[in-house]
Amino acid sequence: MNETHLELCASDEWREIVTERILPWALRDVALGPDVIEVGPGPGITTDALRTAVARLTAVELDPDLAGALSDRMHGTNVEVLHADATALPLEDDRYSGAVSFTMLHHVPTAELQDRLLAELARVLAPQGVLVLSDSVASDDLAALHHDDVYNPIDPSTLPARLARAGFTAVDVRANEFGFVAHAIKP
Ligand SMILES: C[S@@+](CC[C@H](N)C(=O)[O-])C[C@H]1O[C@@H](n2cnc3c(N)ncnc32)[C@H](O)[C@@H]1O
């Protein structure tokens, strides 16, 4: 992430949006179960909120500095932070009761890699495991915020087919002018 984007993702303003709007919308009526994987935690504002709701959280972050800082901050808690690429997870099959990704898919540079990430989440989820994805939709303002950075927003109308191809069932996608939430189940 560029410096402006990183500052925003660690700000009190973003914490309020995450805790007051994004997570309540994404997690309403969802039971993630006790063992959850989060991909793309960044500075960890989503991690801070999620970890209070689950017994065990594994947070997988690609950026070495962000992964290191979050690992230090989460030391001694119910969160394990892995510095790894969510498109090639160094984790066993069929383990997690829930998998989540918040405001990170647009940072994955190609549709092919995004689809690989979805397939990886299907692989590591246990049967009947629950997937929750949320991200913003494309806008000129967000494109400007990602100056000199990866910006590959997902068109939510493509998600039902992409999630089915990745191995999910019971796909439900809701979108508004700001973003989308997708729910799905690993059969
Ligand atoms: C915009 S931040 C979102 C942070 C947090 N989820 C939130 O909503 O506040 C996106 C994060 O995803 C991470 N990321 C991008 N590609 C990734 C990948 N392939 N595997 C794991 N993390 C990735 C980035 O390094 C960045 O920290």
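**Exercise 1. Place Pro43 in the fold and decide whether Pro43 is buried or exposed.**

Solution. Pro43 sits in the loop that runs between strand S1 (35-39) and H3. The model is a predicted one. For burial, the cut-off is 20 or more other C-beta atoms within 10 Å. Pro43 has 22 C-beta neighbours inside 10 Å and therefore counts as buried. Next, set aside the neighbours within four places in sequence: Pro43 is then in contact with Cys9, Ala10 and Leu66. As a last step, take Ala164, which is 121 residues from Pro43 in sequence; the C-alpha to C-alpha separation in space is 31 Å.

**Exercise 2. Describe the shell around the ligand: how many residues it has, which are the closest, and what the classes are.**

Solution. The ligand is surrounded by 22 residues, and Gly40, Gly42, Leu62, Ala86 and Met104 are the closest. Two elements give two or more residues to this shell, namely helix H3 (45-50) and strand S2 (56-61). Sorted by class, the shell holds 13 nonpolar, 6 polar and 3 charged residues.

**Exercise 3. Characterise the packing of H5 against H7 by angle, distance and handedness.**

Solution. Two numbers describe a pair of packed helices: the angle between the axes and the distance between them. For helix H5 (residues 111-124) and helix H7 (residues 159-166), the angle is about 50 degrees and the axes are 8 Å apart. Angles under 35 degrees would be roughly parallel, and 65 to 115 roughly perpendicular. H5 is therefore oblique to H7. The crossing of the two helices is right-handed. On the H5 side, the residues that meet H7 are Asp115, Leu118, Ala119 and Ala122; on the H7 side they are Arg162, Leu163, Arg165 and Ala166. This contact comprises 5 nonpolar and 3 charged residues, with no polar ones.

**Exercise 4. For Asp29 and Ala170, state the sign of phi, the location and whether each is buried or exposed.**

Solution. Most residues other than glycine have a negative phi. Asp29 is not a glycine, yet its phi is positive, at about 65 degrees. Asp29 belongs to the loop between helix H2 (12-27) and S1. The cut-off for exposed is 12 or fewer other C-beta atoms within 10 Å. Asp29 has 5 of them within 10 Å, so Asp29 is exposed. Ala170, also not a glycine, has a positive phi of about 50 degrees. Ala170 is located in strand S6 (residues 169-175). Because Ala170 has 12 C-beta neighbours inside 10 Å, Ala170 counts as exposed.

Notes. Residues numbered from 1 in each chain as written. Predicted model: local features only at pLDDT ≥ 70, side-chain atom pairs only at ≥ 80, totals over all residues. Near = placed C-beta within 6 Å. Helix = DSSP H or I, 4+ residues; strand = E, 2+ residues; numbered from the N terminus. Nonpolar A, V, L, I, M, F, W, Y, C, P; charged D, E, K, R; others polar. Axes fitted to C-alpha atoms, helices over the stretch in contact; angles between N-to-C directions. Parallel < 35°, antiparallel > 145°, perpendicular 65-115°, else oblique. Left-handed = near helix turned anticlockwise from the far one by under 90°. Contact = placed C-beta atoms within 7 Å.
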